[in-house]
Every structure is written in structure tokens, then in C-alpha cells.
Amino acid sequence: MGEKSYVSMDTCIICGEAKGIVLDRRLRPRFERETITSVEPCEKCSEKYLTEGVMLVYIGDNDYDLLVIRDEAFERLFNREVPPGMFPTNRIVRCEKEVISELKSCWAEQSKEENL
Ligand SMILES: [Zn+2]
């Protein structure tokens with residue numbers, strides 16, 4: 001376990017690169033070395049993944065999980081259009097952990113079959 005600090009790197013939820021610095025205004029040592037302060041990925045990842053895809057994300061107390069799927073897949077799976085609104089916020093959809101892990105294992109199965 002690392003020591004906690006009042007300052008931490010705000011990192012991107014997808015690539016883990018630093019987006020900036022977070023600071024506890026009262027200088028309380030409450031952060032790990034790296035912190036994810038928001039589900040919004042960095043600009044590079046938004047550009048790369050979210051211009052044609054939707055990010056499904058689960059945020060728990062101590063863990064998180066995410067999966068980026070293409071617009072077509074999102075529309076097929078959830079039977080609705082990608083929500084309109086501000087980019088990239090409109091392309092970030094919170095969902096249950098189980099949904100993400102199920103989709104992940106589905107896709108793993110599919111790609112296995114394709115490789116046969
Ligand atoms: Zn990133």
C-alpha cells in the first residue's frame with residue numbers, strides 16, 4: 001500500500017495517462033498516487049474510441065469496468081440510438097457490472113469462433 005497524499009494524478013479511465021493533477025484543498029492526505037476523478041476519458045481516447053463508439057462503464061466503490069462498443073453494436077444491443085447531447089458525455093453510458101462482463105465474454109466467444 002502506498003502512502004496517501006493530498007495531491008494525485010488525475011488519470012484517464014481508458015489509457016491511464018495523466019490528464020492533470022487533483023488536489024485536496026484542505027491538504028488532507030486522502031489520495032492514492034493516481035486517481036480517476038471522472039469517467040470522461042482524455043481527449044486522445046475520446047477521439048479514438050468515442051467518435052464512433054459508446055463506452056459502457058461501471059463504477060463501483062473499489063472497482064470499475066468498461067467496454068467500448070461501436071455505435072451499430074450499441075443500437076442493436078440496447079435497441080436505441082446513441083443518446084444525443086454533448087460529446088463525449090453523451091457517449092458514456094453507465095451500466096451494471098454484470099452487463100459489461102457478460103458482453104465481454106460474449107465477444108470473447110465470438111472472436112474465438114472467427115479464428116477457427
Ligand atoms: Zn486516455
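Two strands are taken to pair where DSSP finds at least two bridges between them, and the views of the sheets below, drawn from a predicted model, rest on that criterion.

**View 1. The whole protein chain, with its two domains.** The protein chain of this predicted model is divided into domain 1, covering residues 1–38, and domain 2, covering residues 43–116, and the centres of domain 1 and domain 2, taken over C-alpha atoms, are separated by 25 Å. Its secondary structure comes to 3 helices and 6 strands, which follow the pattern β-β-β-α-β-β-α-β-α when read along the sequence. Along the principal axes, the C-alpha atoms fill a box of roughly 50 × 35 × 25 Å. Of the 116 residues of the protein chain, 16% count as buried, and, among the contacts with a separation of 6 or more, 53% are made by residues 24 or more positions apart.

**View 2. The open sheet β2-β1-β3.** In this sheet 3 strands are arranged in the order β2-β1-β3, with mixed pairing. The edges are occupied by β2 (18–23) and β3 (34–35), each of which has a single partner strand, so one side of each is left without a neighbour in the sheet. The strands β1 and β2 run antiparallel and are joined by 5 bridges, and Val-7 has Leu-23 in β2 as its bridge partner.

**View 3. The surroundings of Asp-10.** Asp-10 is found in strand β1, which spans residues 7–11. Is Asp-10 buried, exposed or partly exposed? Because 17 C-beta neighbours lie inside 10 Å, Asp-10 counts as partly exposed; for a residue to be buried, 20 or more other C-beta atoms would have to lie within 10 Å of its own. Leaving aside neighbours within four places in sequence, Asp-10 is in contact with Ala-18, Lys-19, Gly-20, Ile-21, Val-22, Thr-35 and Thr-37. Leu-23 lies 13 residues from Asp-10 in sequence, and the C-alpha atoms of Asp-10 and Leu-23 are 9.4 Å apart in space.

**View 4. The open sheet β5-β4-β6.** Here, too, an open sheet of 3 strands is shown, with the order β5-β4-β6 and mixed pairing. The strands β5 (64–70) and β6 (92–94) stand at the edges, and each has a single partner strand, so one side of each is left without a neighbour in the sheet. From one strand to the next, the twist averages 25°. Strand β4 (residues 53–59) and β6 run parallel and are joined by 3 bridges, and Met-55 stands opposite Ile-92 in β6.

**View 5. Helices α2 and α3 against the sheet β5-β4-β6.** The two helices shown here pack on the sheet of the preceding view. Helix α2 (residues 71–78) touches β4 and β5, and its direction makes about 105° with that of β5. Helix α3 also touches β4 and β5, but the direction of α3 makes about 55° with that of β5.

**View 6. Helix α3 on its own.** What span should the 18 residues of helix α3 (residues 97–114) have at 1.5 Å a residue? The expected value is 26 Å, and because the end C-alpha atoms of α3 are 26 Å apart, the span in the model agrees with it. The helix α3 is hardly covered, since the count of buried residues among its 18 residues is 0.

How values were computed
Residues numbered from 1 in each chain as written. Predicted model: local features only at pLDDT ≥ 70, side-chain atom pairs only at ≥ 80, totals over all residues. Helix = DSSP H or I, 4+ residues; strand = E, 2+ residues; numbered from the N terminus. Buried ≥ 20, exposed ≤ 12 C-beta atoms within 10 Å, placed from the backbone. Contact = placed C-beta atoms within 7 Å. Domains from an automatic or database assignment. Expected span 1.5 Å × (residues − 1). Axes fitted to C-alpha atoms, helices over the stretch in contact; angles between N-to-C directions.
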